[in-house]
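Me: I'd like a close look at one part of this protein, and I'd rather have one connected walk-through than a list. Here is what I'm looking at.

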Amino acid sequence: MFWKSVVGKLSLTILLLVAFVLSILSVFLMQFFENFHIQEAENEMMQTATKISSLVERGQDRNFIEEMTEMLKDPTSRIAIIYSEEDIWLSTSSDDDLVSEGDEWLESRKEVNEVIEKQNKIQKQINLPEQDKEIIIVGSPTENGGAIFVFQSLDIINQTKAETTKLILLSAGIAIMLTAFFAVFLSTRITSPLIKMREAAYDLTRGEFNTKVPVLTHDEIGELAVEFNRMGRQLKFHINALRQEKEQLSSIVSSMADGVVTLNRKGDILVINPPAQKYIDGWYFENDVVMNESRKLPTELQEALKEVIDGEQAVLREISLQGRNFVMLMTPLYDQSYVRGAVAVIRDMTEERRLDKLRKDFIANVSHELRTPISMLQGYSEAIVDDIADTKEEKNELAQIIHEESLRMGRLVNELLDLARMESGQIHLNVETLGIESYIKRIVNKFKGLASDNEIDLTLTMNVDFPNTSFDPDRIEQVFTNLIDNAIRHTSKGGTVRVAVTNKPEEFYVEVNDSGSGIPEEDLPFIFERFYKADKSRVRSKEKKGTGLGLAIAKNIIDAHKGTIQVKSKLNQGTTFSFKLPQNHENI
């Protein structure tokens, strides 16, 4: 791992570079010192030969010359003085391998002939023919035709060269060791801040944006640390900004009433909010698809996505699911000019469609309800104007019908106004605490005569555990009146209408049961809507038919009391309306 690190690579690079330079330098130095030592030895030997040749040329005594030669020469060298071709003198030497007396080699060498005959000085390195030994020979001619030769073995020079080589290699080794030490030290100093930056960068990847790199120097690495810290601050700022925007967008999408789904080109769900998830769960349930992590995309969305990608334009679809109506608008998402996905907005239009239908039905029902009395008012009034009624009794009868129809129109208008106020939340309840037995008996007794006239048995059953209760007596009486009147009107002769009241400390419960014609099952979900009317064939008396607003008003009154109202019915067996009110009316 060390050689893979920056410290190892940088240290190795410096070490190899220095080693290469030192190797080249050592080779040149060794070559230089080798030549230098040889050159110095040759120069020194030439000086010795020149001095001796000057003694010979001055005609000094031979013994003096030889003694001086022994004194001037190096102990390891040997000097040969050639007075004539047959007169050769050799000095002593501590090196026995050099030229000795009687050697024919000395007389036959071309170097000797070159000095004697051509009067040239020589400085050469030669090999002895018998010892296979390399020596240095220096020759200087004399004026009398002789020559001075100085011989010296290269062993001494080689020893000196070896010592010099050892010194150079030792110096190179020490230099390499120092270089390695300083390279590691320098690399550590350089890479130490980099290591801290790497650790800081790792902390940044984990989201620790407060991490700072210490600025230890003021060089390029120090400036890099400063910029790194600045980058961390900027990164923290931008990440926080992105996080806030993401949270804001997520809150907006989550709080939207419409469903939002973001898809990529493959159809994978990237973003989804609860309404859209509710739609997809409903699609899974209807199509018996098992929900898993893959989150299969509904068929309608897949087809719309393919159309958006192929056509690169928005697609509008209407979808029916689980009895509800949805409108989906899918628009493409671009990455420059490339469609990278789509976003779909799914809106539940069920309530809007229902309200639109109710509005149309309301207009139709109001028109229908007002058309009959207006037609009757117009017809009977024209009869009076045209004197169709001859007698006073006939005119009074026509006026009585006009009066009854006007009262009917007045009731219809008043009920519409009351219902509008209730549905807009403007209903005001006058809550009172009253005795329940007397209140219920008074209401039921009002219908005794009507029930008797229609040969219907009206009974009251009371189970009062708590004598008093609190509600708006006028409004609840309106509910009782509507339910009992409906029960009597939809019950044939000989039938029964039973009113059961239960008053407990926690709730007030009422049931109005009749043995009349009942309500078809398909009409039960709409029984509390405005202008709902059962089939006219089930109404016993046409003169007593209602406006179709009574049950809607009753439901709004019960809702205002925080209560609930329900209906149960079977065709040709009877109908039971029930409602319950909580006894605690603090929030009414």
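Which strands form the open sheet, in what order do they lie, and is the pairing parallel, antiparallel or mixed?

Reply: Keep in mind that this is a predicted model. The open sheet has five strands, and reading across, you go E12, E14, E15, E17, E16, with mixed pairing. The edges belong to E12 (457-464) and E16: each has a single partner strand, so one side of each has no neighbour in the sheet. From one strand to the next, the twist averages 10°.

Let's start at the E12 edge. E12 pairs with E14 (residues 496-503) in the parallel sense, over eight bridges. If you want a spot to click on, find Thr 461, whose bridge partner in E14 is Ala 500. Then bring in the helices. H11 (residues 436-446) packs on the sheet and touches E12, E14 and E15 (507-514). The direction of H11 makes about 170° with that of E12. H13 (residues 473-489) packs on the sheet too, but H13 touches E14, E15 and E17. Its direction makes about 20° with that of E15.

Now cross to the other edge. E16 (residues 564-570) runs antiparallel to E17 (residues 574-582), and seven bridges join the two. Together they make a hairpin with three residues between the strands. In that turn, look for Asn 572, which has a positive phi of about 65°. Lys 570 in E16 stands opposite Gly 574 in E17.

E16 is also a nice strand to look at side chain by side chain. Side chains in a regular strand alternate between the two faces of the sheet. In E16, Ile 565, Val 567 and Ser 569 point to one face and are buried. Thr 564, Gln 566, Lys 568 and Lys 570 point to the other face and are not buried.

While you have the model open, a pair of helices outside the sheet deserves a look. H5 (residues 154-205) and H6 (residues 220-255) pack with their axes 10 Å apart, at an angle of about 10°. Angles under 35 degrees count as roughly parallel, and H5 and H6 are therefore roughly parallel to each other. On the H5 side, the contact includes Ile 190, Pro 193, Leu 194 and Met 197, and they face an H6 set that includes Leu 224, Phe 228 and Met 231. By class, the contact holds twelve nonpolar residues, with no polar and no charged ones.

For charged pairs, go to the salt bridges, of which the whole structure has 14. One of them joins Arg 317 and Glu 303, at 3.8 Å from N to O. Arg 317 sits in strand E8 (residues 315-321) and Glu 303 in helix H8 (residues 299-311), so the pair links distant parts of the chain, 14 residues apart. Both are partly exposed, Arg 317 at 23% relative accessible area and Glu 303 at 44%. Glu 307 joins Glu 303 and Arg 317 in a network of salt bridges.

Another pair to click on is Glu 66 and Arg 62, whose closest N and O atoms are 3.2 Å apart. They are four residues apart in helix H2 (residues 62-72), so about one helical turn separates them. Glu 66 counts as buried because its relative accessibility is 14%, while Arg 62, at 34%, is partly exposed.

Technical notes: Residues numbered from 1 in each chain as written. Predicted model: local features only at pLDDT ≥ 70, side-chain atom pairs only at ≥ 80, totals over all residues. Heavy atoms only, no water. Buried < 20%, exposed > 50% of the residue type's maximum accessible area, 1.4 Å probe, protein only. Pairing = 2+ DSSP bridges. Salt bridge = Lys/Arg side-chain N within 4 Å of Asp/Glu carboxyl O. Axes fitted to C-alpha atoms, helices over the stretch in contact; angles between N-to-C directions. Parallel < 35°, antiparallel > 145°, perpendicular 65-115°, else oblique. Contact = heavy atoms within 4.5 Å. Nonpolar A, V, L, I, M, F, W, Y, C, P; charged D, E, K, R; others polar.
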